[in-house]
Amino acid sequence: MYDVIVIGSGPAGLTAAVYTSRAELKTLVIAGAVWGGQLMLTAEVENFPGFKDGILGPELMDNMWKQAKRFGAEIIFEDATNVDFSSKPLKVAVGRQVYKGKSVIIATGASAKWLGLESEKRLRGRGVSACATCDAAFFKDKKVAVVGGGDTALEEALALSKFASEIKVIHRRDKLRGSKILQQRTFKDPKVAFVWNSTVQEILGKDRVEGIRLKNVESNDESVLACDAVFIAIGHKPNTEIFKGHVELDQAGYVVAREATMTSVEGVFVAGDAQDYRYRQAVTAAGAGCRAALDAEKYVEGR
Ligand code: NAP
């Protein structure tokens, strides 16, 4: 029996684990087969306080994991496959193995969204990617496209600029959603240009990306843009499938926090991007992980 089971191992989950294990609560982290969350796909993190020269995303996560381990948190690198919150103790399954906990912290984060085109699926890994940090180096001196108008799209464009010869950012409106500082950096970058009011109809190519078919949403005109890669950067969806029917989720699938970090089930708390569609920062996720840990600690001690 664990005092706290943390599901997820991004900044929210690992910060929660640092706090609960340091408070001497018996803590299990179900980290996921692919652990560490979205920062594992990020190169330089420049805005996490305390690292004045920045830190690599994977290095930051490795530090958080070691910090949680130092205080005795147990970590398993597998996916939680099911939960049963209908009675106490709370149960979390990893395949056939069922773990019991007095409390659970949901910190499963969110994942990149895709456009939903057949051609996008077929060419994924063959020029279609959602991670410039991972794949930009494959496209040295090539022409690439980025889809989206938020911070992720702008960051992807800037990351690609170190390798690609030309980057076209395809955005469905004529105004960017991304922050001013990233807008300024991309506007200044001579390799980056914008294709406004346009959507991707199809990704072209048989075995690898050769171009994209675009539609101008104002004129309905279609055109083809030749490129060797397309980076999709259109936002995220919460990783909350296994909680459907077990805790209250909103229409988009985000876990609803009723009071502070408490979900609709007593003893089940939530932190990070699984609940927060607004801020979605490593530092806010870490802060939420701390809050959930303190709430879980109070709950376990009060029982
Ligand atoms: P986002 O802010 O939700 O932006 C998604 C972009 O994709 C929007 O421009 C949206 O267009 C477009 N889009 C959505 N669905 C689309 C579709 N089906 N087809 C074409 N375009 C589509 O998502 P994000 O950029 O991933 O950022 C998420 C959060 O993380 C934000 O709060 C952001 O500030 C933060 N973030 C911060 C940093 C940083 O500070 N360094 C880096 C990355 C992310 P519309 O604008 O028309 O809706």
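Right after helix 1 comes glutamate 24, with a positive phi near 65 degrees. Helices here are DSSP runs of H or I at least four residues long, strands are E runs of at least two, and both are numbered from the N terminus. The model is a predicted one: local features need pLDDT of at least 70, side-chain atom pairs count only at pLDDT 80 or more, and totals for chains, interfaces and linings use all residues. Residues are numbered from 1 along each chain as its sequence is written, and side-chain values use heavy atoms, with hydrogens and water left out.

Helix 1 itself covers residues 11-22, so twelve residues in total, and spans 16 Å from first C-alpha to last, close to the expected 16 Å; the expected span is 1.5 Å times one less than the number of residues. Ten of the twelve residues are buried, where buried means under 20% relative accessible area, exposed over 50%, and partly exposed in between (1.4 Å probe, protein chains only). Among the buried ones are Pro11, Leu14, Val18 and Ser21. And what do the buried residues of helix 1 pack against? Their partners are strand 1 (2-7), strand 2 (27-30), helix 2 (57-70), strand 8 (97-106) and helix 7 (282-302), with contact meaning heavy atoms within 4.5 Å.

Just before that helix, the loop between strand 1 and helix 1 holds serine 9. Serine 9 is buried, at a relative accessible area of 4%. Its side chain has a polar atom 2.8 Å from the backbone oxygen of alanine 31, and one 2.9 Å from the backbone nitrogen of glycine 36. Such polar contacts are pairs of N or O atoms within 3.5 Å; within protein, one must be able to donate a hydrogen and the other to accept it, and residues adjacent in sequence count only if both atoms are side-chain atoms. Leaving aside residues up to four places away in sequence, serine 9 also touches others, including Leu14, Trp35 and Met61.

Then there is the ligand, with 19 residues around it, each having a heavy atom within 4 Å. The closest are Asp151, Thr152, Glu155, Arg173 and Arg177. Helix 5 (residues 151-161) gives the largest share of this shell, three residues. A side-chain N or O atom of glutamate 155 sits 2.7 Å from a ligand nitrogen. Polar side-chain atoms of arginine 172 and arginine 173 lie 3.0 Å and 2.7 Å from a ligand oxygen, respectively.
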